[in-house]
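Me: I'd like a close look at a single part of this protein. Could you pick one helix, walk me through its surroundings, and then add a few other spots for context?

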Amino acid sequence: MAAVNRVFAAQLAGLPVFGPDGESIGKVRDLVAGLRLDQQPPRILGLVVELTTRRRVFVPMLRVTSIEPSAVTLATGSVNMRRFHQRPNEVLVVGQLFDAYATLAGSDTRITVVDAGMEPTRTRDWVLAKLAIRERSSRLGLGRRRSAMQVLPWSEVSGLGLTDLTGQTQGAAQLLMLFDTMRPADVAATVRDLPLKRRHEVADAMDDEHLADVIEELPEDDQKELLSYLAEERAADILEAMDPDDAADLLAELAPAEQSRFLELMEPEESAPVKRLLEYSSDTAGGLMTPEPVVLTPDATVAEALAHIRNADLPVALASMVFVCRPPTETPTGRFVGVVHFQRLLREPPAEMVASAVDSQLPALRPNATLSEVTRYFAAYNLTCGPVVDAEDHLLGAVTVDDVLDHLLPEDWRETGLHDITGDITIDTEETERA
């Protein structure tokens with residue numbers, strides 16, 4: 001192990017993990033500590049590493065050969081692909097210790113944990129020796145300055161036992177700051193691995209837009225669990241913030257009475273496209289499509305089209321194509337004219353009308369097209385996005401390649417990754433390293 005005196009969890013989370021020959025393994029997502037009954041610092045048992053397949057595995061600390069500011073390196077061998085599962089005596093440092101409430105030992109001073117530092121011992125173990133804390137105050141006077149952060153030995157803090165962490169209500173500010181640096185799919189994987197109580201606390205602390213993004217990336221059972229935890233009104237707000245096709249997929253899995261209740265609570269303009277999608281089977285073009293593609297009239301300019309697809313909130317696949325239709329431009333639109341590909345827009349003068357760049361030869365999908373037909377369509381025309389048009393030539397929506405892949409992959413792909421990978425990294429069984 002390279003000589004390192006102290007490493008804080010917030011610095012370690014997100015670092016790339018490499019094998020001995022420099023091959024990329026994944027990223028550090030958390031640290032696993034074994035809690036003790038006394039006041040001695042907990043031993044760091046290992047790292048939770050997210051592989052390139054998004055599967056999370058346990059890597060014992062004895063297999064870590066170096067920790068640098070930019071990367072973690074592991075020892076030689078083969079990867080054990082068993083998914084990480086937290087044990088009863090363990091705590092996730094980032095997931096559970098961050099934002100935990102405690103007190104200074106021997107006093108009533110209330111504090112919040114904002115980070116945790118691990119240090120090596122002479123026996124090559126790592127222990128959670130230091131805690132970065134802020135003092136909490138019940139006084140909420142205007143203009144009160146936030147207390148300064150302090151770094152204290154573990155022994156000077158009380159109230160961080162396993163019972164304390166599982167019984168207390170906990171904030172989530174530090175954890176959300178870390179989430180700001182992660183993609184929604186990675187946040188979803190982190191949230192899914194948290195204990196149920198902590199998962200609910202994170203959901204309570206997230207704003208609706210971010211929570212909607214995370215729920216879209218969760219497996220179906222976890223989506224339904226979180227939706228059932230939320231108050232009905234907030235659950236309806238989350239459904240409104242989700243992409244209509246994702247909201248429709250989730251509502252389709254609920255009991256009819258529950259589905260109707262949520263649709264009733266949603267704003268009419270938000271529920272209308274979701275209701276239209278629910279009319280189609282989930283494995284057809286109509287069930288796969290999003291009703292909110294970029295739609296412009298023929299007299300719109302190329303500059304306008306580029307401005308629309310430049311929107312950072314627009315999914316990459318939807319940004320690959322602009323749909324040209326007669327008014328109205330809300331789906332279902334007026335007569336569908338054709339599509340303009342992103343690359344074509346880049347080659348046209350900004351003041352030119354999009355009508356001059358329309359590809360009117362690209363066939364459109366019908367809403368009842370099956371999943372296999374949609375798949376062949378995307379393969380035949382090398383597309384990432386395609387129009388769905390009804391018998392009267394009204395554009396109903398667009399199917400994107402990510403939605404097609406989502407339905408082609410096994411149902412549990414979000415939980416297990418695409419496949420098991422073995423490499424040149426040796427990780428022994430969890431039992432021998434976490435005893």
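Reply: One term before we start: contact here means heavy atoms within 4.5 Å. Also keep in mind that this is a predicted model.

Let's take helix 9, which spans residues 232-241. How many of the ten residues of helix 9 are buried? Seven are, so the helix is largely enclosed by the rest of the structure. Buried means under 20% relative accessible area, and the residues of helix 9 that qualify are R234, A235, A236, I238, L239, E240 and A241. So what do they pack against? The buried residues of helix 9 have several helices as partners: helix 6 (196-205), helix 7 (208-216), helix 8 (220-229), helix 10 (244-252), helix 11 and helix 12 (268-278).

Now zoom in on one of those partners, helix 11, which covers residues 256-265. The axes of helix 9 and helix 11 lie 9 Å apart, and the packing angle is about 75°. Angles of 65 to 115 degrees count as roughly perpendicular, and therefore that label fits helix 9 and helix 11. On the helix 9 side, the residues that meet helix 11 are E232, E233, A235, A236, L239 and E240; helix 11 brings R261, F262 and L265. By class, the residues of this contact split into five nonpolar and four charged, with no polar ones. A bit of background helps when you read a list like that: an α-helix has 3.6 residues a turn, so residues three or four places apart point the same way.

For context, have a look at helix 5 (residues 184-193) too. Nine of its ten residues are buried, so helix 5 is also largely enclosed by the rest of the structure. Among them are D186 and A189, and both of these are in contact with E50.

That brings us to E50 itself, found in strand 4 (residues 43-51). Is E50 buried or exposed? Its relative accessibility is 5%, so E50 counts as buried. Its side chain makes polar contacts with the side chain of R29 at 3.3 Å and with the side chain of R56 at 3.0 Å. Leaving aside neighbours within four places in sequence, other residues in contact with E50 include I25, G26, K27 and R55.

Last stop, a sheet. Three strands form an open sheet in the order 14-15-16, with mixed pairing. Strand 14 (295-296) and strand 16 (336-341) are the edges, each pairing on one side only. Strand 15 (residues 321-325) pairs with strand 16 in the antiparallel sense over five bridges, and V322 stands opposite V340 in strand 16.

Notes. Residues are numbered from 1 along each chain as its sequence is written. This is a predicted model: local features need pLDDT of at least 70, side-chain atom pairs count only at pLDDT 80 or more; totals for chains, interfaces and linings use all residues. Side-chain values use heavy atoms; hydrogens and water are left out. Axes are lines fitted to C-alpha atoms, for helices over the stretch in contact, and angles run from 0 to 180 degrees between N-to-C directions. Helices (H or I, at least four residues) and strands (E, at least two) are DSSP runs, numbered from the N terminus. Angles under 35 degrees count as roughly parallel, over 145 as roughly antiparallel, 65 to 115 as roughly perpendicular and the rest as oblique. Ala, Val, Leu, Ile, Met, Phe, Trp, Tyr, Cys and Pro count as nonpolar, Asp, Glu, Lys and Arg as charged, and the others, Gly among them, as polar. Buried means under 20% relative accessible area, exposed over 50%, partly exposed in between (1.4 Å probe, protein chains only). A polar contact is a pair of N or O atoms within 3.5 Å; within protein, one must be able to donate a hydrogen and the other to accept it, and residues adjacent in sequence count only if both atoms are side-chain atoms. Two strands pair if DSSP finds at least two bridges between them.
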